[in-house]
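Work through the exercises below with the structure open beside you. Try each task before reading its solution.

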There are 2 protein chains.
Amino acid sequence: MTEKTFTESIEMYLKTLAEAGLGEPIAIGKIAEKLNITPVSANEMVQRLSRQGLVRHTPYKGVELTKKGRGVAVDVIRRQRLWECFLLEHLNLEWSQVYDFACSLEHATAPIVTEALAKFLGFPKTCPHGNPIPDENGNFEILDGIPLPAIEVGKNVIVQSIKHPPGDVLAYLQERNIMPGQQLQIAEVAPMEGPLTLEINGREVALGLNIAEFVNVTLCEE
Amino acid sequence: MTEKTFTESIEMYLKTLAEAGLGEPIAIGKIAEKLNITPVSANEMVQRLSRQGLVRHTPYKGVELTKKGRGVAVDVIRRQRLWECFLLEHLNLEWSQVYDFACSLEHATAPIVTEALAKFLGFPKTCPHGNPIPDENGNFEILDGIPLPAIEVGKNVIVQSIKHPPGDVLAYLQERNIMPGQQLQIAEVAPMEGPLTLEINGREVALGLNIAEFVNVTLCEE
DNA sequence: TAAAATGTTATGGCTGCCCTTATTATTCCA
DNA sequence: TGGAATAATAAGGGCAGCCATAACATTTTA
Ligand SMILES: [Mn+2]
Ligand SMILES: [Mn+2]
Ligand SMILES: [Mn+2]
Ligand SMILES: [Mn+2]
């Protein structure tokens, strides 16, 4: 139980893989894009990770986490989501900003600190974006939410979670109140992969399909 | 106001200089020792810092922070000491451990987070070891405590602060209750640079001179 | 099935930050 | 004042993690 520790770069690769892929292998190009590096560099790094037994790489097919790699990734995710809770609930920082701030802190947090933080927060089950927080053993429940574009027009739904989107999308969603717990209705779906029109608190809000993909919802009862 | 950001290594060099020297230049060897690197490497790095205008290096004399370098150092110290408060008071971690944990977090903390943390903590004036926390503008009061070895036998004193010592010294002091606020008396001073014998809560405690140098105290009234 | 897209490998380069060994310069102290 | 201690410089190296460019392999797609 030496509790080996990994570099920030390695942790980010593993977290990125875990966030992106729930089973199926991830293409090198996708990884490069998400981490904002060149595909050649991503390829190099994946080889290093492979040598360390953290990922499995099938050339031309993609990259998958090994059990060991997933363990590290889940641990990083736990740290990040706990910090997100702290930053939002106790430091009152912006919902749209806590992901990025926590993404720095996650690499500077020892196990003892992580567990003390979890206790302080009361062992929260989800982060402010509705994503599950793994427990100390790496276990977490998989959400039953459905991507917003899969919902029929007219249905009432409640936002369950927001997958981590690139760039300024979180700020965009926050401005429009598209956050976990928010109830809304799909008013209209434009043809030809067009935007959704939502009704939120009596206001109409247009949302592009690409962004809507990041929003998971559950159908309202009744 | 681009708020340039520095590497962890640079921040540690600057913080080390600020913690060690209150005016007089610091020898390269001292820096190397504190950062656990070779003097040759320290020399190299000091040259890089010099080129960046963060320190002034007079060959064979020593290294001093520039105004710019001191600004960065004070900012790092602020972040660290705020985190120390949080870790001790809210996460209930060990007094002897919070310095090291905070030393990781300090490099991963954006200005917005720092200020929100300061507010959350109620703008504490000192860290758990009694050292002052600079304010947002980098200002702080210099303590009036005296190193323990400078006190006469028989005097009652109160521990004001503990300078950051190397290695396991903090744990050693915690076990013996030598922490800020603790009242104690110098019972005896052994000759030949020998240890001090202290009376703490009715118990006698021996403390080596080297360690006692890290303990700053104030004389008791009355 | 051929062209386009994507992935892989090779080569060479870069920065940051650390190392060792050896030589030379300066300062301190007895 | 001369030797010991400390500091500086030079030369060569290593590792992590990125970059670009070019050649080649595979897969996708139209
Ligand atoms: Mn991160
Ligand atoms: Mn989140
Ligand atoms: Mn540090
Ligand atoms: Mn402290």
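A residue is near a molecule or strand if one of its heavy atoms lies within 4 Å of it. This is a predicted model, in which local features need pLDDT of at least 70, side-chain atom pairs count only at pLDDT 80 or more, and totals for chains, interfaces and linings use all residues. Side-chain values use heavy atoms, without hydrogens and water, residues are numbered from 1 along each chain as its sequence is written, and chains are lettered from A and ligands numbered from 1 in the order in which they are written.

**Exercise 1. Find the protein surface around DNA strand C.**

Step 1. Count the residues. DNA strand C is surrounded by 21 of them, and the closest are Asn43(A), His57(A), Tyr60(A), Thr7(B) and Ser41(B).

Step 2. Look at the DNA side. Of the strand C atoms that come within 4 Å of the protein, 73% belong to sugar and phosphate.

Step 3. Pick out polar contacts (pairs of N or O atoms within 3.5 Å; within protein, one must be able to donate a hydrogen and the other to accept it, and residues adjacent in sequence count only if both atoms are side-chain atoms). Ser41(B) places a polar side-chain atom 2.3 Å from a phosphate oxygen of DNA strand C. For the side chain of Thr38(B), an N or O atom is 2.9 Å from a phosphate oxygen of this strand. For Gln47(A), the corresponding side-chain distance to a phosphate oxygen is 3.0 Å.

Step 4. Name the elements. Helices (H or I, at least four residues) and strands (E, at least two) are DSSP runs, numbered from the N terminus. Two or more residues each come from α2 (28-35) and α3 of chain A, and from α1 (8-20) and α3 of chain B. The most, 5 residues, come from α3(B).

Step 5. Sort by class. Ala, Val, Leu, Ile, Met, Phe, Trp, Tyr, Cys and Pro count as nonpolar, Asp, Glu, Lys and Arg as charged, and the others, Gly among them, as polar. The surface near strand C has 10 nonpolar, 8 polar and 3 charged residues.

**Exercise 2. Do the analysis for DNA strand D.**

Step 1. Around DNA strand D there are 21 residues, of which Thr7(A), Ser41(A), Ile28(B), Asn43(B) and His57(B) come nearest.

Step 2. Sugar or phosphate supplies 75% of the strand D atoms within 4 Å of the protein, and bases supply the rest.

Step 3. Check the contacts. A backbone N or O atom of Tyr60(B) is 3.0 Å from a phosphate oxygen. A polar backbone atom of Gly29(B) is 3.4 Å from a phosphate oxygen. Glu44(A) reaches a base: a polar side-chain atom lies 3.2 Å from a base nitrogen of DNA strand D.

Step 4. The elements giving two or more residues are α1 (8-20) and α3 (39-51) of chain A with α2 (28-35) and α3 (39-51) of chain B. The largest share, 5 residues, is from α3(A).

Step 5. The classes are 10 nonpolar, 8 polar and 3 charged.

**Exercise 3. How are chains A and B related?**

Step 1. Superpose the copies by least squares on the C-alpha atoms of residues with pLDDT of at least 70 in both. A turn of 180° and a shift of 0.0 Å along the axis lay chain B on chain A, with an RMSD of 0.1 Å. The two copies are thus related as by a two-fold rotation axis.

Step 2. Compare the interfaces. In chain B, 100% of the interface residues are also interface residues in chain A, so the copies meet through the same surface.

**Exercise 4. Which residues coordinate the manganese ion (ligand 1)?**

Step 1. List the donors (N, O and S atoms within 2.8 Å of the metal, or 3.2 Å for Na, K and Ca; water is not among the atoms, so sites may look incomplete). They are Met12(A) (SD), Cys103(A) (O), Cys103(A) (SG), Glu106(A) (OE) and His107(A) (NE2), at 2.0 to 2.6 Å.

Step 2. Read the spacing: M-x90-C-x2-E-H. Met12(A) in helix α1 and Glu106(A) in the loop between α5 (98-105) and α6 (111-121) are 94 residues apart.

Step 3. Check burial (buried means under 20% relative accessible area, exposed over 50%, partly exposed in between; 1.4 Å probe, protein chains only). Met12(A) and Glu106(A) are both buried.

**Exercise 5. Describe the site of the manganese ion (ligand 2).**

Step 1. The protein donors are Glu84(A) (OE), Cys127(A) (SG) and His129(A) (ND1), at 2.0 to 2.4 Å.

Step 2. Their spacing is E-x42-C-x1-H. Glu84(A) is in helix α4 (residues 67-89) and Cys127(A) in the loop between α6 and β3 (146-147) of chain A, so the pair ties together parts 43 residues apart in sequence.

Step 3. Glu84(A) is buried at 1% relative accessible area, and Cys127(A) is buried at 5%.

Definitions and conventions: Contact means heavy atoms within 4.5 Å.
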